[in-house]
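Please open the structure in your viewer and keep the selection tool at hand. The tour below moves from one selection to the next and says what is there.

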Amino acid sequence: MFDLVILGGNIVDGTGKKAYRADVGIAGERIEAIGDLGQAETHRVIVAHGLTVSPGFIDSHAHSDGMLLLDPQHANGIRQGITTELLGQDGLSYAPLSPANYRMYSRYLAGLLGLPPADLDMHNVTAFRANYHKKCAVNTAYCVAHGAIRVETLGFRDVPLVGDALKKAKRLVHESIEQGAVAFSTGMSYYPNCWSTTAELVELCKEAHAAGALYVTHLRDVNTDRGFGGGGVPEAIEIGRRSGIRVHFSHFRTLPEEAGQIAPKIAPIDKAKKSGLDCTLELYPYPIGSSFLPMVLPPKEQEGGPDAILKRLRDPARKQAIAKLIDGYEARSIAEFVLTHTPNTPDAEGLSLPDFAKKRGKSMGEAVRQLLVDNDLQVGFRGAPPASVATWRQLGRDQMELLSRPDYMVGSDAIPVGNLCHPRAYGCFPRFLGRLRKQMPGIMSLETMVQRMTDNPARRFGLTKRGRVQKGYFADLAVFDADRIIDNATFDDPKQFPTGIPYVLVNGQVAVDNERCTGVLAGQAVP
Ligand SMILES: [Zn+2]
């Protein structure tokens, strides 16, 4: 007796193998049988004639850490067919943090992650995982965040991690991985992460490697003098070489100014792979990124965390100088920012930063300062897509070609915060499977694309019995119409669900039923 049988679908099993027609029988959390189950006894049948049945998508890079705690239904993810998300990305998350540090750091990160309840226990990874386990719609895996490790050992300060603090940090990394973290992650555009040196990261990665985890990195572009080779790819490769750890590059793709130039971009990584470094990469199918505004404050203005930052931003004796510093801070091209989330300044949402500054009759630096003060630092932004549609199209082709490499997977980089969030939070996976696959036939088969979204990340991050439609595997499944699947989220109307994904199952439970969220919260903290 099955709980559910999916009848007559085309099985794209996640391994890359050619699709075949079969029924899928589910009992409890697992796939119990694949074959001809037309006569089998079952509580429920989903008729999937003409539909594709694939493993649920595994989002290798999502910033849902806060929003899953506020809105566990997580429609923006589950409606895309995502059934597992890798949290703790860019070294920006909540564990391991003491109660006071959690309150401080979650406030600093609110423009990126939203603002979850202040009283949650995040003191270690076991506690972190318990906050999500069977409490939200998707499965979650955790990359232990370098930012949290630094806050917990040194506070929010620009000081070297050495001596006893380093010993403590290494112990925390080790414990975190023992408690289920699958990777150690860092984001070297962000604080306190970018106050570190390459030497610190090598030490922490040695520990993570010894405990069996990967290094997941958003490459350094701040404090580049502290990074081997000026940060970026050379630093990540050096860290991999010296620590022995496997390296995973976050959101690695061509930027608008590099459109069509995949070869020089990827060459140093291929060279490192040839010399024995174990590397994988991930990307999302959009031309520009998104992040949170506190990152644009110059390094010195970051010290001390939210209270200290806001005190300086309000200080009549300093505020003008800080606004000038922001205007002159060349590491970030703030003129391209579009504001996505400004909860206390609703008239700013959707405006470009130059337009908002003009509206207020202020310089851009002063506008940034005022926005941060008025919103208690909780401000999100995204970039502006290229003016040339041809550039945009070329970037799409680059993304498809990169994804066709066997070392690539998909990471949405979703930031589901704010009324005008980056559309990747609602459209990433169906954009690849629908729009780009149809625009560029011949680069990858459907089976190959699904492999990059399922089995590839499951194997890389050690997610046991996930990522395949196979007997004995967890019944995390997406049922979609390969002809109709398409993203509907756009930059001007981002909170639109995709079309063509009628059913999504998480651990055998129907989470999306006929394109409607069911409210079932069957997601587990994995692996
Ligand atoms: Zn990210």
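What follows is a walk through a strand, its partners, a pair of helices and a sheet.

This is a predicted model, in which local features need pLDDT of at least 70 and side-chain atom pairs count only at pLDDT 80 or more, while totals for chains, interfaces and linings use all residues. Residues are numbered from 1 along each chain as its sequence is written.

Begin by selecting residues 183-187, which form strand β9; strands here (E, at least two residues) and helices (H or I, at least four) are DSSP runs, numbered from the N terminus. Strand β9 is mostly covered, since five of its five residues are buried, where buried means that 20 or more other C-beta atoms, placed from the backbone, lie within 10 Å of the residue's own. A183, S185 and G187 point one way from β9, whereas F184 and T186 point the other way.

Next add residues 139-145, strand β8, which runs parallel to β9 and is joined to it by three bridges; two strands count as paired if DSSP finds at least two bridges between them. Within this pairing, C143 stands opposite A183 in β9. Then add residues 214-218, strand β10, which also runs parallel to β9 and is joined to it by five bridges, with H218 of β10 as the bridge partner of G187.

Now select residues 146-154, helix α6, together with residues 163-178, helix α7. How do their axes cross? The two axes come within 9 Å and cross at roughly 140 degrees, the axes being lines fitted to C-alpha atoms, for helices over the stretch in contact, and angles running from 0 to 180 degrees between N-to-C directions. The helices α6 and α7 are therefore oblique to each other, a word for angles that are not under 35 degrees (roughly parallel), over 145 (roughly antiparallel) or 65 to 115 (roughly perpendicular). To see the contact, show I149, E152, T153 and L154 of α6 with A165, K168, A169, L172 and V173 of α7; residues are in contact if their C-beta atoms, placed from the backbone, lie within 7 Å.

Finally, select residues 290-292 and 338-341, the edge strands β13 and β14, each of which pairs on one side only. They belong to an open sheet of three strands in the order β13-β15-β14, with antiparallel pairing. Adding residues 380-382 brings in β15, which three bridges join to β13, and there F292 stands opposite G380. Neighbouring strands of this sheet are turned by 35 degrees against each other on average, direction ignored.

How values were computed. Two residues are in contact if their C-beta atoms, placed from the backbone, lie within 7 Å. A residue is buried if 20 or more other C-beta atoms lie within 10 Å of its own, exposed if 12 or fewer, and partly exposed in between; C-beta atoms are placed from the backbone.
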